[in-house]
Amino acid sequence: MSVTYRKAEKSISLAWTGASGAPYGLRLLECLLKSDYQVFLMISSAARVVLATEQGLQLSANADKARSQLLAQFGEVDGELIVLGKEEWFSPPASGSAAPKQMVICPCSTGTLAAVATGMSNNLLERAADVVIKERGQLILVPRETPFSAIHLEHMLSLSKLGVTIMPAAPGFYHNPKSVEDLVDFMVARVLDHLGVNHALTNRWGYDKHNVSDIDY
Ligand SMILES: Cc1cc2nc3c(=O)[nH]c(=O)nc-3n(C[C@H](O)[C@H](O)[C@H](O)COP(=O)(O)O)c2cc1C
């Protein structure tokens with residue numbers, strides 16, 4: 001694999017794992033690519049099953065084929081997509097000397113949450129998260145499970161104490177969503193906000209159609 005090194009702020013690692021919420025991951029990837037990001041994408045085996053179940057997308061286990069399949073979904077994009085296999089130890093996200101400073105795991109399964117919280121690094125995806133933590137970069141996890149057990153909550157707490165941002169897949173309803181896409185965009189918008197990526201996916205609190213003085217409290 002030959003990849004051109006991009007300025008750090010335009011390069012990011014994105015991981016999809018086997019929690020419900022494949023549409024979040026797909027939409028986030030689309031937004032990052034349309035914002036001219038170089039995206040290193042890591043996909044767990046379980047994430048492929050969830051993608052097929054929730055989106056009807058049978059993503060190839062072959063990284064090059066998966067890349068073509070994904071790009072075909074989005075049409076024209078300015079960014080660059082690099083799909084990585086789970087043992088590509090010589091890829092940039094595997095080392096602090098080259099890894100992007102930002103990484104998002106969206107959706108994040110409780111299994112991957114546990115692996116990241118305990119520093120397992122058993123595959124590239126887990127190693128990439130470990131690298132971002134040790135390099136004190138920005139790691140965002142979008143876990144999805146309900147209810148959360150004490151195990152899940154403890155893992156989230158220990159990661160939060162390390163500076164990891166925990167953003168549970170919990171879209172709000174105050175923007176009057178009309179579709180599943182609106183709910184997906186709500187979550188993706190919040191992740192993009194934290195990454196510092198400009199977007200117009202949702203109205204901003206206090207700037208949308210509600211005139212505060214019209215609300216009868
Ligand atoms: C359709 C489907 C939905 C799932 N939803 C969740 C979920 O919401 N949260 C979760 O933590 N695990 C969920 N799982 C289970 C995980 O995929 C499973 O624990 C897997 O081992 C996670 O592996 P990974 O972390 O390597 O992706 C789901 C599995 C399937 C097939």
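The following exchange works through a predicted model, from its ligand shell to its cysteines, its first helix and its unusual backbone geometry.

Residues are numbered from 1 along each chain as its sequence is written, and side-chain values rest on heavy atoms, with hydrogens and water left out. Because the model is predicted, local features need pLDDT of at least 70 and side-chain atom pairs count only at pLDDT 80 or more, while totals for chains, interfaces and linings use all residues.

User: How many residues surround the ligand, and which are the closest?

Analyst: A residue is taken as near the ligand if one of its heavy atoms lies within 4 Å of it. By that criterion the shell holds 13 residues, which divide into 4 nonpolar, 7 polar and 2 charged. Here Ala, Val, Leu, Ile, Met, Phe, Trp, Tyr, Cys and Pro count as nonpolar, Asp, Glu, Lys and Arg as charged, and the others, Gly among them, as polar. The count is therefore 13 residues, and the closest are Gly18, Ser44, Ser109, Thr112 and Arg144.

User: How far is a polar side-chain atom of Ser109 from an oxygen atom of the ligand?

Analyst: A polar contact is a pair of N or O atoms within 3.5 Å; within protein, one must be able to donate a hydrogen and the other to accept it, and residues adjacent in sequence count only if both atoms are side-chain atoms. From Ser20, a backbone N or O atom lies 3.0 Å from a ligand oxygen, and from Thr112 a side-chain N or O atom lies 2.5 Å from a ligand oxygen. For the polar side-chain atom of Ser109, the distance to an oxygen atom of the ligand is 2.5 Å.

User: What share of the ligand's area does the protein bury?

Analyst: Accessible areas come from the Shrake-Rupley method with a 1.4 Å probe, and for residues only the protein chains shown count as cover. Taken alone, the ligand exposes 640 Å², and the share of this that the protein buries is 63%.

User: Which element gives the most to the shell around the ligand?

Analyst: Helices (H or I, at least four residues) and strands (E, at least two) are DSSP runs, numbered from the N terminus. Two or more residues of the shell come from each of helix H2 (45–55) and helix H4 (110–117). The element that gives the most, with 3 residues, is H2.

User: How many disulfides does a search of the whole structure find?

Analyst: A disulfide is a pair of cysteine sulfur atoms within 2.5 Å. The sulfur of Cys31 is 11 Å from its closest cysteine sulfur, in Cys106, and is therefore too far away for a bond. The sulfur of Cys108 also has its closest cysteine sulfur in Cys106, but at 9.2 Å that is too far for a bond. The number of disulfides found in the whole structure is 0.

User: Is Cys108 buried or exposed?

Analyst: Buried means under 20% relative accessible area, exposed over 50%, and partly exposed in between, with a 1.4 Å probe and protein chains only. Cys31, at 10% relative accessibility, counts as buried. With a relative accessible area of 0%, Cys108 is buried.

User: How many of the residues of H1 are buried?

Analyst: The expected span of a helix is 1.5 Å times one less than its number of residues, and for the 13 residues of helix H1 (residues 22–34) this gives 18 Å, in agreement with the 18 Å between its end C-alpha atoms. Among its buried residues are Tyr24, Leu28 and Cys31, and Glu30, at 16% relative accessibility, counts as buried too. H1 is mostly covered, the number buried being 10 of its 13 residues.

User: Which side chain makes a polar contact with that of Glu30?

Analyst: Glu30 lies in helix H1. At 3.2 Å, the polar contact of the Glu30 side chain is with that of Arg27.

User: Where does Pro147, which follows a cis peptide bond from Thr146, lie?

Analyst: Most residues other than glycine have a negative phi, and most peptide bonds are trans. A cis bond joins Cys106 and Pro107, with omega about -5°, and Pro107 is found in strand E4 (residues 102–108). The bond from Thr146 to Pro147 is also cis, with omega near -5°, and the place of Pro147 is the loop between strand E5 (138–143) and helix H6 (150–161).

User: What is the phi of Ser121?

Analyst: Ser121 lies in the loop between H4 and helix H5 (124–134) and is partly exposed, with a relative accessible area of 21%. Although Ser121 is not a glycine, its phi is positive, at about 50°.
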